Amino acid sequence: MIAPLMRRVIAAAATLSLTACTVFPDQPAHQIFQLPAPAVQETAAESVDRTLRVTTPLAVAPIDSNRILVKPDAHEIRAYEGARWSNRSPIIVGNYLLESFRQDGRLATVVGNTSPARSDLTLAGDLTRFQAEYPGGEHRNGNPVVHLELNLQLINERSRETLASKHFGVTRPANGEDVASVVEAFGKASDELARQVIEWTAEQL
C-alpha cells in the first residue's frame with residue numbers, strides 16, 4: 001500500500017514543479033492585436049534597379065513568441081494577460097519592414113524570405129528587444145516605454161559578403177498603461193524603426 005501511495009505523491013509533486021517553472025502559462029487570448037499599418041510615404045527619389053530580400057529576424061525566447069511582453073522591473077519579464085500579437089514578434093517585425101520598403105519605393109523590387117525570386121541583396125539580422133518597460137523599475141514612474149532593438153546586416157547575395165551592419169534602437173512612451181495604448185506605442189516605434197532602416201539601406205546603395 002505504501003509504494004503506490006508514494007508513487008502518487010511523487011507524481012503530484014513533479015506536476016506541481018513543472019507548473020511552477022512555466023514562465024508564461026498558455027492561457028486563451030481574449031484580445032489579438034496587430035501593429036498599425038506602416039505609415040512610410042513613397043519617396044520621390046528614382047528607384048534603384050535591384051531586388052532586396054527582407055528576411056524574418058532571428059530571436060530567442062521569450063521575444064520569439066506571440067506574447068506582448070512587459071518588464072515591470074530590471075530583472076523580471078511578464079506578458080499582458082489575455083492579450084496576444086497576431087503572430088510571433090520576429091515575423092511581425094520582418095513583415096512590417098517588408099511592407100515599409102515596398103511603400104517607400106526606392107528599391108525596384110522587395111521580396112520576403114519565402115519568395116522564390118532571385119535577389120541582389122539580403123537584409124538579415126536578429127531582434128533582441130521587443131517589449132514595454134516601466135521607467136524606474138520597481139519604483140514605477142509613469143507609463144511604460146516601448147523598446148525595440150534590431151541588429152541588421154546587408155548582404156550581397158552573389159558574393160555573400162556583408163556590405164554593412166548596424167544596430168538600431170528605438171523607444172516610444174505609451175500614452176497609458178492599458179494594453180491598447182502599449183500596442184499603439186509599438187506601432188509608432190516600429191514606424192520609426194522602419195524609417196531608420198530604409199534610410200540606412202539607401203545610403204549603402
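A salt bridge is taken here as a side-chain nitrogen of Lys or Arg within 4 Å of a carboxyl oxygen of Asp or Glu. The model is predicted, so that local features need pLDDT of at least 70 and side-chain atom pairs count only at pLDDT 80 or more, whereas totals for chains, interfaces and linings use all residues. Residues are numbered from 1 along each chain as its sequence is written, and side-chain values use heavy atoms, with hydrogens and water left out.

**Exercise 1. Salt bridges**

Determine how many salt bridges the rule yields, and describe the pairs formed by E133, E157 and E199.

*Solution.*

Step 1. The count comes to 11 salt bridges.

Step 2. E133 pairs with R129, their closest N and O atoms being 2.9 Å apart. Accessibility is classed as buried (under 20% relative accessible area), exposed (over 50%) or partly exposed (in between), with a 1.4 Å probe and protein chains only. E133 is buried at 14%, while R129 is partly exposed at 22%.

Step 3. E157 forms a salt bridge with R160, with 2.6 Å between the closest N and O atoms. E157 has a relative accessible area of 24% and is partly exposed.

Step 4. The side chains of E199 and R106 meet in a salt bridge at 2.7 Å, N to O. E199 belongs to helix 3 (residues 179–204) and R106 to the loop between helix 2 (89–104) and strand 5 (107–112), so the pair ties together parts that are 93 residues apart in sequence. Helices (H or I, at least four residues) and strands (E, at least two) are DSSP runs, numbered from the N terminus. E199 is partly exposed at 39%, but R106 counts as buried at 18%.

Step 5. A network of salt bridges links D104, R106 and E199.

**Exercise 2. The setting of strand 3**

Is strand 3 (residues 67–73) largely enclosed or open, and to which strands is it joined?

*Solution.*

Step 1. Six of the seven residues of strand 3 are buried, so the strand is largely enclosed by the rest of the structure.

Step 2. Two strands pair if DSSP finds at least two bridges between them. Strand 3 and strand 4 (residues 76–85) run antiparallel and are joined by four bridges; V70 stands opposite R78 in strand 4. These two strands form a hairpin with two residues between them.

Step 3. Strand 3 and strand 6 run parallel, with two bridges joining them. K71 stands opposite E133 in strand 6, and E133 is the residue that forms a salt bridge with R129.

**Exercise 3. Empty space**

Describe the volume and lining of the largest cavity, then those of the largest pocket.

*Solution.*

Step 1. On a 1 Å grid over the protein atoms alone, a cavity is a set of points where a 1.4 Å probe fits but cannot get out; a pocket is an open set with protein on both sides within 12 Å along at least five of seven lines, and lining residues have an atom within 4 Å of a point. Grid points are joined across faces, edges and corners, and a volume is the space filled by probe spheres set on the points.

Step 2. The count comes to one cavity of 30 Å³ or more, and the largest cavity holds about 30 Å³ of space. Its lining consists of V54, T55, P57, L97, L123, A124, G125 and L152. Strand 6 (residues 121–133) contributes the largest share, three residues.

Step 3. Ala, Val, Leu, Ile, Met, Phe, Trp, Tyr, Cys and Pro count as nonpolar, Asp, Glu, Lys and Arg as charged, and the others, Gly among them, as polar. The cavity lining divides into six nonpolar, two polar and no charged residues.

Step 4. The largest pocket holds about 200 Å³. Its lining residues include Q34, P36, N87, Y96 and E99, and the lining divides into seven nonpolar, four polar and one charged.
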